[in-house]
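Q: I've got a model open and I'd like to learn how to read it feature by feature. Could you walk me through it?

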Amino acid sequence: MNRKLAQTLLFVSFITLAGCSSSPGKNSATAQDSADASAQGEQADLIPVIAALHDQMHTWHGTPYEWGGTKLSGVDCSGFVWRTLKDRFNLPVERLTTRDLIHMGTHVKPTQLRPGDLVFFRINGGMHVGFYDTDRHFLHASTSKGVIRSSLDNPYWQSVFYQARRLNKEYDAGISLNNDGMSLSKRN
């Protein structure tokens, strides 16, 4: 399947899923209906985040680890997160380190993780960072396998998990797919 067709299918899937998540009218909503609609709206907002994360993973999967790297020829964990924030979430920020990232956003309990949350690990006195994806998995630049998707349920990752952080709404102005001009804006 060529790249343009794959992008088009991804975009059409997003539009279809977003259209299916409409909330009921105000006149017919009970308190429970309103709560359910709010939860659905929150989930619908995650569709473009998941699409952007998966698009980035498709582009970067297998990129070898390189300390300080920020390119497809080699990237480290904070470089992968920074490039994802810059390339997919359109955040115009200078190169960020794991130390910078751990001070951004707000703390999130592990039981409340959502796609796009940053997950941090303490490894041998240093820090490691990645993006929470879905189904208890996260995307990151592994020192041994490069950019991969790993399970938080893996005993190793459980033993070194440190914390999770959610970037504030003002950080995510828009989402881009595959740097070809396709943009899913989150601004109203």
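Q: Let's start with a single residue: is D135 buried or exposed?
A: This is a predicted model, so keep that in mind throughout. D135 is exposed, because its relative accessible area is 63% and the cut-off for exposed is over 50%. You'll find D135 in the loop between β5 (126–132) and β6 (137–142).

Q: What should I look for in the backbone there?
A: Check the sign of phi. Most residues other than glycine have a negative phi. D135 isn't a glycine, yet its phi is positive, about 50 degrees. R136 has a positive phi too, about 65 degrees, and isn't a glycine either. R136 also sits in the loop between β5 and β6.

Q: Which residue forms a salt bridge with R136?
A: The general idea: side chains of opposite charge can pair when their charged atoms come close. Here the partner is D153, with the closest N and O atoms 3.0 Å apart. D153 belongs to the loop between β7 (146–151) and α5 (155–160), 17 residues away from R136 in the β5–β6 loop. R136 is partly exposed at 32% relative accessible area, and D153 is partly exposed as well, at 40%.

Q: How many salt bridges does the structure hold?
A: There are 6. One of them joins R95 and D76, whose closest N and O atoms are 3.0 Å apart. R95 is in the loop between α3 (77–87) and α4 (98–101), while D76 is in the loop between β2 (74–75) and α3, so the pair links distant parts of the chain, 19 residues apart.

Q: Is D76 buried or exposed?
A: D76 is buried, with a relative accessible area of 6%. Its partner R95 is partly exposed, at 29%.

Q: What does the salt bridge between R166 and D117 tie together?
A: Their side chains meet at 2.8 Å, N to O. R166 lies in strand β8 (residues 161–166) and D117 in the loop between β3 (106–108) and β4 (118–123), so the bridge ties together parts 49 residues apart in sequence. D117 is buried, with just 2% relative accessible area.

Q: Now zoom out: what does the whole chain look like?
A: Start with the secondary structure: 5 helices and 10 strands. Of the 188 residues, 41% count as buried. For contacts with a separation of 6 or more, 54% come from residues 24 or more positions apart. The accessible surface is about 10,600 Å², and carbon and sulfur atoms make up 53% of that.

Terms used:
Residues numbered from 1 in each chain as written. Predicted model: local features only at pLDDT ≥ 70, side-chain atom pairs only at ≥ 80, totals over all residues. Heavy atoms only, no water. Helix = DSSP H or I, 4+ residues; strand = E, 2+ residues; numbered from the N terminus. Buried < 20%, exposed > 50% of the residue type's maximum accessible area, 1.4 Å probe, protein only. Contact = heavy atoms within 4.5 Å. Areas by Shrake-Rupley, 256 points an atom, 1.4 Å probe, with all protein chains shown as cover. Salt bridge = Lys/Arg side-chain N within 4 Å of Asp/Glu carboxyl O.
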